[in-house]
Amino acid sequence: VAEARSLDRTDPGDGWTCFGGTGIGGSQPARQLNSGSEWVAAWAPGGGERQAPAGTGYLLEPGGQLVMQVHYNLLRTGRGATDRPGIRLRFSTGTAPLKPLRTTLLPAPVELPCAPGESGPLCDRTASVLDLIRRFGPRAGSTVAGLGLLCMPRGQPVAGSVQRCDHPVREAGRLYAVAGHLHLLGTAIKVELNPGTPRARTLLDVRSYSFHDQPTVALPRPVAVRPGDTYRVTCRHDATQRRHLEELRGVPPRYVVWGDGTADEMCLGIVVRD
């Protein structure tokens, strides 16, 4: 809390600027993406009010504070636009017999080359990553490198329209809901449990992804997980969509990696569990 207040004081205006995480505690974005335990709620286009399943909730400790991070997309509205962001919470008493929930984030790298027929200086991967760092700071580059080490064979980037990453389940529990997040070039996302084994289960399979429709999907019934299980997130992107989307008109072709900008990309599975 003290560090959050210090960041707020030293950055002009309301709040403070941050990318990839809150900037609190010196945590690296790739590590935050791999844990996600600090998340209480999230919204993306197409999402509505999200209530925790019956008998569950997010535990807020006395003296804690909530940090609300807002990502703005100015590609269509321009820099003169204003809004009034906010969040509303439903509370229970601290003695209510609720199972505490947490959010587990399952990222995969994005290594999307320019489409056939596209050219330009940012179609070079190194130039594109350096441009990402220029726009969002060194932590953005650390996230790209960290996802490569976490998910790629020998940590070497492999260009392609489909990328995936496996994440081990570290604690026993139950899954209640799942979501997927990509940006404008995303076309499909799949989240699986124990793929290729007799216990394989598909948790989410969005075969025609829309950036403007990103709800959190409640599972029909809780799914038990245990150490030794594996999550897999798989994403598909299509660089040719850049030619057809109004939001990306005028954006120069680039080799796309993981980044906070809407013209950059993400591949992120989101699991709500106890």
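Is C165 buried or exposed? At 2% relative accessibility, C165 counts as buried. Keep in mind throughout that this is a predicted model. Here are my notes, starting with the cysteines.

1. **How many disulfides.** Going by sulfur-to-sulfur distance, with pairs within 2.5 Å accepted, the count is three disulfides. If you number the bonded cysteines in sequence order, they pair up as 1-2, 3-4, 5-6.

2. **C151 and C165.** This is the disulfide that the opening question leads to: the sulfur atoms of C151 and C165 sit 2.0 Å apart. The torsion about the S-S bond is -80 degrees, and the link is left-handed. C151 belongs to helix α4 (residues 138-151) and C165 to strand β5 (residues 162-168), so the bond ties together parts that are 14 residues apart in sequence. C151 is buried with a relative accessible area of 17%, and C165 is buried at 2%. The cut-off for buried is under 20%, so both values qualify.

3. **C114 and C123.** Here the S to S distance is 2.1 Å. The torsion about the S-S bond is about -95 degrees, so this disulfide is left-handed. What about the accessibility of C114 and C123? C114 comes out at 16% and counts as buried, while C123 comes out at 21% and counts as partly exposed. The 20% cut-off falls between these two values, so the labels differ.

4. **C235 and C267.** These two cysteines are joined with an S to S distance of 2.0 Å. This bond links distant parts of the chain: C235 is in strand β10 (residues 230-237), C267 is in the loop between β11 (256-257) and β12 (268-273), and they are 32 residues apart. The link is right-handed, with 85 degrees about the S-S bond. Both C235 and C267 are buried.

5. **Helix α4 by itself.** Back to the helix that holds C151. α4 has 14 residues and spans 20 Å from its first C-alpha to its last, close to the 20 Å expected at 1.5 Å a residue. Which residues of α4 are buried? They are A140, G141, T143, V144, G146, L147, G148 and C151, so the disulfide cysteine is one of the buried set.

6. **How α3 meets α4.** The axes of helix α3 (residues 125-136) and α4 come within 6 Å and cross at roughly 135 degrees. That makes α3 oblique to α4. On the α3 side the contact is made by R125, L132, I133 and F136, and on the α4 side by P138, A140, G141 and V144. By class, the contact has six nonpolar, one polar and one charged residues. If you compare with the previous point, A140, G141 and V144 also appear among the buried residues of α4.

7. **The loop after α4.** Two residues in the loop between α4 and β5 are worth a look, R154 and A159. R154 has a positive phi of about 60 degrees although it is not a glycine, and at 77% relative accessibility R154 counts as exposed. A159 is partly exposed, at 46%. Leaving aside neighbours within four places in sequence, A159 is in contact with E111, P113 and Y255. The C-alpha atoms of A159 and V257 are separated by 9.8 Å, with their positions 98 residues apart along the chain.

8. **N194.** Which non-glycine residue has a positive phi of about 55 degrees? That is N194, in the loop between β7 (186-193) and β8 (201-206). N194 is buried, with a relative accessible area of 7%, whereas R154 is exposed.

9. **E192.** This glutamate is found in strand β7. E192 is buried, with a relative accessible area of 15%. Which residues does E192 contact, once neighbours within four places in sequence are left aside? The list is R201, T202, L203, T230, Y231, R232 and T234.

Note on methods
Residues are numbered from 1 along each chain as its sequence is written. This is a predicted model: local features need pLDDT of at least 70, side-chain atom pairs count only at pLDDT 80 or more; totals for chains, interfaces and linings use all residues. Side-chain values use heavy atoms; hydrogens and water are left out. Buried means under 20% relative accessible area, exposed over 50%, partly exposed in between (1.4 Å probe, protein chains only). Helices (H or I, at least four residues) and strands (E, at least two) are DSSP runs, numbered from the N terminus. Axes are lines fitted to C-alpha atoms, for helices over the stretch in contact, and angles run from 0 to 180 degrees between N-to-C directions. Angles under 35 degrees count as roughly parallel, over 145 as roughly antiparallel, 65 to 115 as roughly perpendicular and the rest as oblique. Contact means heavy atoms within 4.5 Å. Ala, Val, Leu, Ile, Met, Phe, Trp, Tyr, Cys and Pro count as nonpolar, Asp, Glu, Lys and Arg as charged, and the others, Gly among them, as polar. The expected span of a helix is 1.5 Å times one less than its number of residues.
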